[in-house]
Amino acid sequence: MQCRDVMWSSPVTLAPEDTAHVAVRKITQADVGALPVVDDDGRYLGMVSERALVRQVMAEGLDPKLTRVGLIIDRRMPQVDPDDPVSVALKRMDEARTRWVAVVQDRKVIGLIGTRDIRQRARSEDASDLHVVTDAALLH
């Protein structure tokens, strides 16, 4: 299974000049825990996570309506190529201690993967495999 098989295509993104308040709204509406930040040309700059919003904005007493996303971008957040195996995405998530990874092709974000997406896909494939085995058993 490749990253393209489990990614959310055309994910919601943030711009560095968006406020933390806008980031919270977009993260909530997208029902994710992090969003990629892109420049005006759509190039991947990093991610902003719920954790960063809490620790770097709220805990520091910064005003979310004035604090720009560009100040809290995590440039160390992992990225993968759409053709990478899902195991690469999981390894990079583990190494970065995050549940999210951006899918980047030609420096542009084309998708987003969460651990939940991988688990759901794995469960559906396991169920499919079980049905194939069960059907084969019934035929013989």
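Strand β6 is mostly covered in this predicted model: of its seven residues, five are buried. β6 spans residues 108–114 and pairs with β1 in the antiparallel sense over two bridges. Strand β5, residues 100–105, also pairs with β6 in the antiparallel sense, here over six bridges. β5 and β6 form a hairpin with two residues between them, and in its turn Asp 106 has a positive phi of about 55 degrees.

The residues that stand opposite one another across β6 are set out below.

| Residue | Partner in β6 |
|---|---|
| Trp 8 | Leu 112 |
| Ser 9 | Gly 111 |
| Val 101 | Ile 113 |

These pairings belong to an open sheet of four strands, whose order is β1-β6-β5-β4 and whose pairing is mixed. The edges of the sheet are held by β1 (8–9) and β4 (79–80), each of which has a single partner strand, so that one side of each is left without a neighbour in the sheet. In general, strands of a sheet pair through backbone hydrogen bonds, either parallel or antiparallel.

Seen as a whole, the protein chain has five helices and six strands, which follow one another along the sequence in the pattern α-β-α-β-β-α-β-α-β-β-α. Of the 140 residues in the protein chain, 39% are buried. The protein chain exposes about 8500 Å², and carbon and sulfur atoms supply 50% of that area. When contacts between residues at least 6 apart in sequence are considered, 55% of them join residues at least 24 apart.

Helix α2, residues 20–30, has a buried side and an exposed one. Its buried residues include Ala 20, Val 22, Ala 23, Ile 27 and Ala 30; because they cover an arc of only 150 degrees around the axis, they lie on the same side of α2. An α-helix has 3.6 residues a turn, so residues three or four places apart point the same way. On the other side of α2, Thr 28 and Gln 29 are exposed. The buried residues of α2 pack against two kinds of element, namely the strands β1, β2 (34–38) and β3 (44–49) and the helix α3. After α2 comes Asp 31, whose phi is positive, near 55 degrees.

Thr 67 offers a view of a covered position outside the helices and strands, since this residue lies in the loop between α3 (50–58) and β4. Its relative accessibility is 7%, and Thr 67 therefore counts as buried. A polar atom of the Thr 67 side chain lies 2.8 Å from the backbone oxygen of Asp 63. Leaving aside residues up to four places away in sequence, Thr 67 touches Asp 18, Thr 19, Ala 20, Val 57 and Leu 62. Among these contacts is Ala 20, which is also one of the buried residues of α2.

Arg 55, which lies in helix α3, presents the opposite case, for with a relative accessibility of 55% Arg 55 counts as exposed. Arg 55 and Ile 72 are separated by 17 residues in sequence, while their C-alpha atoms are 9.7 Å apart in space.

Definitions and conventions. Residues numbered from 1 in each chain as written. Predicted model: local features only at pLDDT ≥ 70, side-chain atom pairs only at ≥ 80, totals over all residues. Heavy atoms only, no water. Pairing = 2+ DSSP bridges. Buried < 20%, exposed > 50% of the residue type's maximum accessible area, 1.4 Å probe, protein only. Polar contact = N/O pair within 3.5 Å; in protein donor to acceptor, adjacent residues only side chain to side chain. Contact = heavy atoms within 4.5 Å. Arc of directions from axis to C-beta. Areas by Shrake-Rupley, 256 points an atom, 1.4 Å probe, with all protein chains shown as cover.
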